Amino acid sequence: MRPLKLKEIIKATNGRLVQGNKDSIVSNISIDTRTIKPNDLFMAIKGKYLDGHSFIREALQKGASTIIVEDIRFEYETWKTVNIVQVVNTTKALEDIAQYYRKQFKPIVIAVTGSNGKTTTKEMIAHILKEKYKVISAPASYNNNIGVPLTILNLTDDVEMLILEMEMNELGGTKRLCEIAQPDIGVITNIGDTHLEFLFSRDNVAREKSELLEFVSKQGTAILNADDAKVMEIWTWFNVKKCLTFGIKQSADVYAKNIINHGEHGTEFVVNNEYPCRLNVPGIFNVYNALAAISVAKVLNCNLKDITESLAAFKLPSMRMEKIKINELIVYNDAFNANPQSVLEAVNTFVKFQTKGKRIVILGDMLELGQKSAELHRYVGKHLPANIDILITVGEQAKQIADGAREAKISIKKIIVCDNTESAFKKLIDICGENDTILIKGSRLMKLEEIVNKLSKHYH
């Protein structure tokens, strides 16, 4: 982070200096006391589950020299050397600081949104571009009104490409992120059944994603999935002068032909009938992610031959079809997140993997589906492929997956319903044998990776 004077931060946030020196220098901003360093600015963010105001004392004890708060809940007079700024809303203050900071730099900003594949697409773009440019990309899934500002605050003068991931669960949310980030290139991977608890319908999901397109249409380039009808529909809502499409089924500017699925060993295909490409990560859905990344690189005048060769060395982020060998078991940890489309894609990919033992699928609750939750869980159950040996569901809502599978009379040899990860682990230990292959997938809050951790401890 380039240093800022505290008075710049006060101006950007319309804050009130409670005490301290407005000419103090701020060189790093933190919202997490676990990583705070001496002289950092600590922002007391009020989150859904945690309130940063409860950690102010810890931040000060670790050496924070400046704090930004909504409420004065502690005896600040005893910390006479600490700068204290009060704002109406600390989350908005973080956004405002990032918006101010972003204007100090001139990188090309690439923003990726969509219901599925955002993080992998973002990582693929970064993987390709880092060979030619100085790149900063969002760590993990820093994709909301906290993560995007924190990523922007990593900008320095030598950064040429800033790659962001955007995901909000309310109309107007992506628009606000765009106002902060000022993207030049906007990628929409697909539109599916995500955040229905807050957005209520897939049409509203499309509207939320379209906010990126609305912003980019004014000044930049849109990268769109030609095979997704909803994506192509929102294209017609705006006057997008610069657009590149990608796809497999429909005519597109960047397309894949002659696709060969090698199961767990990845896929190979030919880009635009000319450039062979090998992905060493599984799933046809990753071909789409690769095509989106290739499209971005093409807009930036990268050589297609170099792009496709670069992708051969790409590795998936953790908890995205992450292959883990535990004793004689093979576990695919895809537990980062889940919605109906991504679950079925993952399972259909998984059942094509070769195995000497049983195929065991563990599926957890898919969250934020609102009133359609039961219907969509049951839909997943009804559309599971037949060549699963054992299905284990985890969580109250995932019971509907089991019910759907039974209703569809899918020839799964055994269906087990569990309330939590501990129960699922115990059942798994009872039934799994040497050479079995296991897929684990569920929404982030279900923390199904705990099953992987328990397996590792059990066998070691």
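A strand, in this tour, is a DSSP run of E of at least two residues, and strands are numbered from the N terminus. The structure on display is a predicted model.

**Stop 1: two asparagines in loops**

Select N39, which lies in the loop between β4 (29-30) and β5 (41-43). Its phi is positive, about 75 degrees, although N39 is not a glycine. Is N39 buried or exposed? With a relative accessible area of 53%, N39 is exposed, because exposed means over 50%.

Now select N272, in the loop between β15 (267-271) and β16 (275-279). N272 also has a positive phi, near 50 degrees, in a residue other than glycine. Its relative accessible area is 18%. N272 therefore counts as buried, since buried means under 20%.

**Stop 2: strands around β7**

Select β7 (residues 83-86) together with strand β2 (residues 16-19); these two run antiparallel and are joined by 3 bridges. Within this pair, Q19 stands opposite I84 of β7. Next, add strand β6 (residues 66-69), which runs parallel to β7 and is joined to β7 by 4 bridges. Here I67 has I84 in β7 as its bridge partner. In general, strands of a sheet pair through backbone hydrogen bonds, either parallel or antiparallel.

**Stop 3: the nonpolar cores**

The largest nonpolar core has 50 residues, and M43 and I152 are those with the most contacts inside it. Helix α8 (residues 202-216) supplies the largest share of this core, 6 residues. Apart from this core lies another, of 39 residues, which includes V187, C277, L279 and I307.

Return to the largest core and select M43. Which residues are in contact with M43, leaving aside its neighbours within four places in sequence? They are I29, S30, I31, I68, T90, A93, L94 and I97.

**Stop 4: a buried asparagine in β12**

Select N225, which lies in strand β12 (residues 221-225). N225 is buried, with a relative accessible area of 5%. Two polar contacts of its side chain can be displayed:

- A polar atom of the side chain of N225 lies 2.8 Å from the backbone oxygen of T189.
- The side chain of N225 also reaches the backbone nitrogen of D227, at 2.9 Å.

To see the surroundings, add I188, T189, N190, V231, M232, F246 and Y288; N225 is in contact with these residues, when its neighbours within four places in sequence are left aside.

**Stop 5: a sheet of 6 strands**

Move to the open sheet whose 6 strands follow the order β17-β18-β22-β19-β20-β21, with mixed pairing. Which are the edge strands? They are β17 (322-326) and β21 (414-418), each of which pairs on one side only. From one strand to the next, the twist averages 20 degrees.

For a pair inside this order, select strand β18 (residues 329-333) and strand β22 (residues 437-441): they run parallel, and 4 bridges join them. I330 has T437 in β22 as its bridge partner.

Now add helix α16 (residues 449-459), which packs on the sheet and touches β17, β18, β19 (359-364) and β22. The direction of α16 makes about 155 degrees with that of β18.

**Stop 6: helix α15 and F425**

Select helix α15 (residues 421-431), where F425 has its place. At the start of α15, a side-chain oxygen of N420 reaches to within 3.3 Å of the backbone nitrogen of E422.

Which residues of α15 are buried? They are T421, A424, F425, L428 and I431. Seen down the axis of α15, the buried residues fall within an arc of 135 degrees, so they line one face of the helix. Among the elements that cover these buried residues are β19, β20 (390-394), β21, β22 and α16.

Finally, select F425 alone. F425 counts as buried because its relative accessibility is 12%, and buried means under 20%. Leaving aside its neighbours within four places in sequence, F425 is in contact with I451, K454, L455 and H458. To conclude, select F42 as well: F425 and F42 are 383 residues apart along the chain, and their C-alpha atoms are separated by 39 Å.

Notes. Residues are numbered from 1 along each chain as its sequence is written. This is a predicted model: local features need pLDDT of at least 70, side-chain atom pairs count only at pLDDT 80 or more; totals for chains, interfaces and linings use all residues. Side-chain values use heavy atoms; hydrogens and water are left out. A nonpolar core is a set of buried Ala, Val, Leu, Ile, Met, Phe, Trp, Tyr and Cys residues joined through side-chain atoms within 4.5 Å. Buried means under 20% relative accessible area, exposed over 50%, partly exposed in between (1.4 Å probe, protein chains only). Contact means heavy atoms within 4.5 Å. Two strands pair if DSSP finds at least two bridges between them. Axes are lines fitted to C-alpha atoms, for helices over the stretch in contact, and angles run from 0 to 180 degrees between N-to-C directions. The arc is that of the directions from the helix axis to the C-beta atoms. A polar contact is a pair of N or O atoms within 3.5 Å; within protein, one must be able to donate a hydrogen and the other to accept it, and residues adjacent in sequence count only if both atoms are side-chain atoms.
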